Amino acid sequence: MATLKALKTRIGSVSSSEKITGAMKMISSAKVHKNEQELKKLIPFRNQVKSIMGHLLDTNIEFDSPLISEREVENVGVVVYGTDDGLCGAYNINIFKRLLIHLSELRGKYGNNVGITVYPIGKKMAKACLRLNGMGVTVQQFDGVDSKMNPTVVNEFTHKLREQFVSSKADRIEVVYMRFVSMARQIATVEQLYPVSREAIEGGAADVDGNTLYIFEPDANRIFNEVLPMFVLSTMQEITIENRASEQAARVMAMQSANDNAKKLLESLQLEYNKLRQQGITTELLDILGGQVER
């Protein structure tokens with residue numbers, strides 16, 4: 001009977017776990033859809049900014065901006081997105097592995113003496129990145145910056161990164177994050193933030209009618225310098241939302257896997273419980289029959 005009680009307790013515990021993982025899966029699914037809606041709201045703004053950039057680039061004017069200036073790379077800043085919460089499977093591990101590969105690529109491209117500063121976002125990623133200190137890498141964190149930061153904080157963080165680049169504390173700033181493709185697929189991606197590459201900003205140029213004439217006031221270069229920071233801000237907003245959606249999608253898959261495992265374990269425990277219960281009943285019946293025979 002003690003074994004039956006222990007099994008019944010385990011069955012109750014596993015059953016509760018199944019309900020919890022199921023509920024967490026539903027919550028994470030709702031958050032994924034919420035982030036997808038935020039992306040849909042952001043895309044029209046970003047497309048409009050890219051369209052303006054396309055019209056400007058179509059003028060063939062040589063633009064001058066500190067945000068696009070290329071210089072010899074001696075120091076690189078790498079923003080790496082992670083999570084503040086757990087229960088999302090190998091999500092943070094996969095991003096950290098991509099970060100290590102990218103750091104190796106940077107040293108191969110710019111030499112082993114290149115200075116690298118990593119800006120981790122999220123408690124889990126910050127904890128993982130601390131082990132990189134003293135390995136030719138400096139880890140720097142900004143107060144108030146985490147994986148759940150609102151758009152205002154994202155903008156403030158982007159401005160701080162801009163200051164790092166403009167002041168030449170970093171000659172290049174890149175972002176490592178998880179790009180959201182679908183609920184079942186997320187891709188660890190590296191994107192260059194500063195200097196802003198021509199390839200990144202001329203994405204809207206292909207949709208511009210080259211025969212259309214525009215008059216720019218006050219002048220094209222000044223407009224370019226006003227719009228370019230907006231483009232960078234929209235890029236960081238998109239990266240943040242995509243990373244957040246990827247985190248929740250990874251959590252959905254992790255909870256689905258945990259839920260499936262709980263169901264299998266529950267079935268196994270229920271079968272074992274029924275076998276022991278049937279064995280106990282059979283033993284009691286044999287004892288009764290044995291007592292009758294003795295009489």
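Contact is taken here to mean heavy atoms within 4.5 Å. The structure is a predicted model, in which local features need pLDDT of at least 70 and side-chain atom pairs count only at pLDDT 80 or more, while totals for chains, interfaces and linings use all residues. Residues are numbered from 1 along each chain as its sequence is written, and side-chain values use heavy atoms, with hydrogens and water left out.

A convenient place to start is Thr189, which sits in strand β5, spanning residues 185-194; helices (H or I, at least four residues) and strands (E, at least two) are DSSP runs numbered from the N terminus. With a relative accessible area of 16%, Thr189 is buried, a term that stands for under 20% relative accessible area, with exposed meaning over 50% and partly exposed in between (1.4 Å probe, protein chains only). Leaving aside residues up to four places away in sequence, Thr189 touches Val175, Val176, Tyr177 and Arg179. A polar atom of the Thr189 side chain also lies 3.0 Å from the backbone oxygen of Ile187.

Ile187 leads on to the neighbouring strand pairing, since this residue is the bridge partner in β5 of Arg179. Strand β4 (residues 172-182) pairs with β5 in the antiparallel sense over 9 bridges, where pairing requires that DSSP finds at least two bridges between the strands. The connection from β4 to β5 is a hairpin of 2 residues.

Turning to charged side chains, the whole structure holds 6 salt bridges, each defined as a side-chain nitrogen of Lys or Arg within 4 Å of a carboxyl oxygen of Asp or Glu. One of them links Arg71 and Asp171, at 2.7 Å from N to O. Because Arg71 lies in the loop between α1 (2-57) and β1 (75-81), and Asp171 in the loop between α4 (151-166) and β4, this pair ties together parts that are 100 residues apart in sequence. Arg71 is partly exposed at 26% relative accessibility, whereas Asp171 is buried at 7%.

Another salt bridge joins the side chains of Arg172 and Glu174, at 2.5 Å from N to O. Arg172 has a relative accessible area of 13% and is buried; Glu174 is likewise buried, at 4%.

Helix α6 (residues 220-294) contains Glu247 and Arg251, which are 4 residues apart and so separated by about one helical turn. These two residues form a salt bridge whose closest N and O atoms are 3.2 Å apart, and both are buried.

Definitions and conventions. Polar contact = N/O pair within 3.5 Å; in protein donor to acceptor, adjacent residues only side chain to side chain.
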